[in-house]
Amino acid sequence: MGLELQNAFLGSMPCRLPPPRPQDLAVGAAHPVVAEVIPGPRTAAEVMQNADLMSAEIPGQFWRDLQSAGLLPEAAPTPD
C-alpha cells in the first residue's frame, strides 16, 4: 500500500492509533509460525524504541477495520 493511501486510510479510521510501525511489528509477531520479529536496530536507542513499539497497545478495532477494508485477510492472525 502506498504511503499516501495508508495515511488516508489510517486518518479515516474511527479509533486513533500510534504511528504505523507498531502495527507492522505486531501483525508479524501474531502469526503462529513467527518466533521473533527483529526490526534491525542500528543503535542502542533504536533497540529501546523497538521495545517500546512492541509493547504499544493497539486497539482490536484496528485489525477489524483493516479486515473490513480488505487490507488484511479475514483469516490473518491478529494480536487480539
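Biologist: Are phenylalanine 62 and tryptophan 63 buried or exposed?

Modeller: In this predicted model, a residue counts as buried when its relative accessible area is under 20%. By that cut-off, phenylalanine 62 and tryptophan 63 are both buried.

Biologist: How do the planes of phenylalanine 62 and tryptophan 63 lie, stacked or edge-to-face?

Modeller: A pair of aromatic rings is described by the distance of the centres and the angle of the planes. For phenylalanine 62 and tryptophan 63, the centres are 4.8 Å apart and the planes stand at 75°. Planes over 60 degrees apart fall in one class, so the pair is edge-to-face.

Biologist: Which helix gives the most to the largest nonpolar core?

Modeller: The largest nonpolar core has seven residues, including Ala26, Ile58, Leu72 and Ala76. Phe62, Trp63 and Leu66 also belong to this core, and they lie within residues 60–68. The helix that gives the most, with three residues, is helix 4.

Biologist: Which residues does tryptophan 63 contact, leaving aside its neighbours within four places in sequence?

Modeller: Some of these contacts are themselves members of the largest nonpolar core, namely Ala26, Ile58 and Leu72. The full set for tryptophan 63 is Gln23, Ala26, Val27, Ile58, Leu72, Thr78, Pro79 and Asp80.

Biologist: Which element of the chain has the highest mean pLDDT?

Modeller: The chain as a whole has a mean pLDDT of 80, with 75% of its residues at 70 or more. Where pLDDT is low, the predicted coordinates should not be read in detail. Helix 1 (residues 3–12) has the lowest mean among the elements, 62, whereas the highest, 91, belongs to helix 4.

Conventions:
Residues are numbered from 1 along each chain as its sequence is written. This is a predicted model: local features need pLDDT of at least 70, side-chain atom pairs count only at pLDDT 80 or more; totals for chains, interfaces and linings use all residues. Side-chain values use heavy atoms; hydrogens and water are left out. A nonpolar core is a set of buried Ala, Val, Leu, Ile, Met, Phe, Trp, Tyr and Cys residues joined through side-chain atoms within 4.5 Å. Buried means under 20% relative accessible area, exposed over 50%, partly exposed in between (1.4 Å probe, protein chains only). Helices (H or I, at least four residues) and strands (E, at least two) are DSSP runs, numbered from the N terminus. Contact means heavy atoms within 4.5 Å. Rings of Phe, Tyr and Trp (its six-membered ring) pair if their centres lie within 6.5 Å; planes under 30 degrees apart count as stacked, over 60 as edge-to-face and the rest as tilted. pLDDT is the predictor's confidence in each residue, from 0 to 100.
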